[in-house]
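Reader: I would like a close look at a single part of this model. Please go residue by residue where that helps, and give the cut-offs behind the terms.

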Amino acid sequence: MVDEDIKTKLLILFILEKYETPISQDILTQMCCVDNNWVPYFCFAHFVDELAGARFIFRKPDPRNTDDNLLTISEDGKICLSYFYSSIFKSVRDDVTEYIRNNKLRYRKKQEFICVPEENADGTYTVRCIVLNGEITMFELKFNVPTKAKANSVAAKWQEAAPEVYRTY
């Protein structure tokens, strides 16, 4: 069992290295456990904790979601991965590489083009539409809407429109 745990941790390091930019722990969990069956869901957070404790990954609070963290592979993690790279089956490495290449933009949209509706004291909502580059806010649009339904509608449309809005900005 320990050998499988080590291989799974190496796989998480490999995924972080292939992703190349900080990724939220929630999105990484979705990628590894929900969208794919690379890592068992109930073990994932424990493995991330162990990798962070060993300083193989860096974890810092996500400024746009206080309940989440941004994860990146550290230099020590890269060195460790280079030593044990061949322990990850080539077919698995190829599958992960292909998946990230084909889906990175979809995950980045969730992480970098965000919309946060906040209820105001008078029952209206302030909607903050944000474009991030990593952790830096590149563009922010803030406006009021009368209802929660309208705020949710704006949030849903922002995910699709944000790349085009940002491109013209």
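Author: What follows starts at one residue and works outward to its surroundings.

The model is predicted, with local features requiring pLDDT of at least 70 and side-chain atom pairs pLDDT 80 or more, while totals for chains, interfaces and linings use all residues. Numbering runs from 1 along each chain as its sequence is written, and side-chain values use heavy atoms, without hydrogens or water.

The starting point is T126, in strand β5 (residues 125-133). Helices (H or I, at least four residues) and strands (E, at least two) are DSSP runs numbered from the N terminus. T126 counts as buried because its relative accessibility is 12%; the cut-offs are under 20% relative accessible area for buried and over 50% for exposed, with partly exposed in between (1.4 Å probe, protein chains only). Leaving out residues up to four places away in sequence, T126 touches V116, P117, E118, N120, K142, F143 and N144, where contact means heavy atoms within 4.5 Å. With N144 there is also a polar contact, side chain to side chain, at 2.7 Å; such a contact is a pair of N or O atoms within 3.5 Å, and within protein one must be able to donate a hydrogen and the other to accept it, with sequence neighbours counted only if both atoms are side-chain atoms. E50, by contrast, lies 76 residues from T126 in sequence and 39 Å away in space, C-alpha to C-alpha.

Strand β5 sits in an open sheet of 3 strands, ordered β4-β5-β6 and paired antiparallel. The edge strands, β4 (113-119) and β6 (136-145), each pair on one side only, and the twist from one strand to the next averages 20 degrees. Pairing requires at least two DSSP bridges between two strands; β5 and β6 have 9, in the antiparallel sense. One of the residues bridged to β6 is C129, whose partner there is L141.

Across β4 and β5 lies helix α5, at about 30 degrees to β4. Helix α5 (residues 90-112) also meets helix α2 (residues 25-34): their axes come within 11 Å and cross at roughly 145 degrees. Axes are lines fitted to C-alpha atoms, for helices over the stretch in contact, and angles run from 0 to 180 degrees between N-to-C directions. On the α2 side the contact is made by I27, Q30 and M31, and on the α5 side by Y99, I100, Y107, K110 and Q111. Helix α2 is mostly covered, with 7 of its 10 residues buried; among them are I27 and M31, along with L28, C32 and C33.
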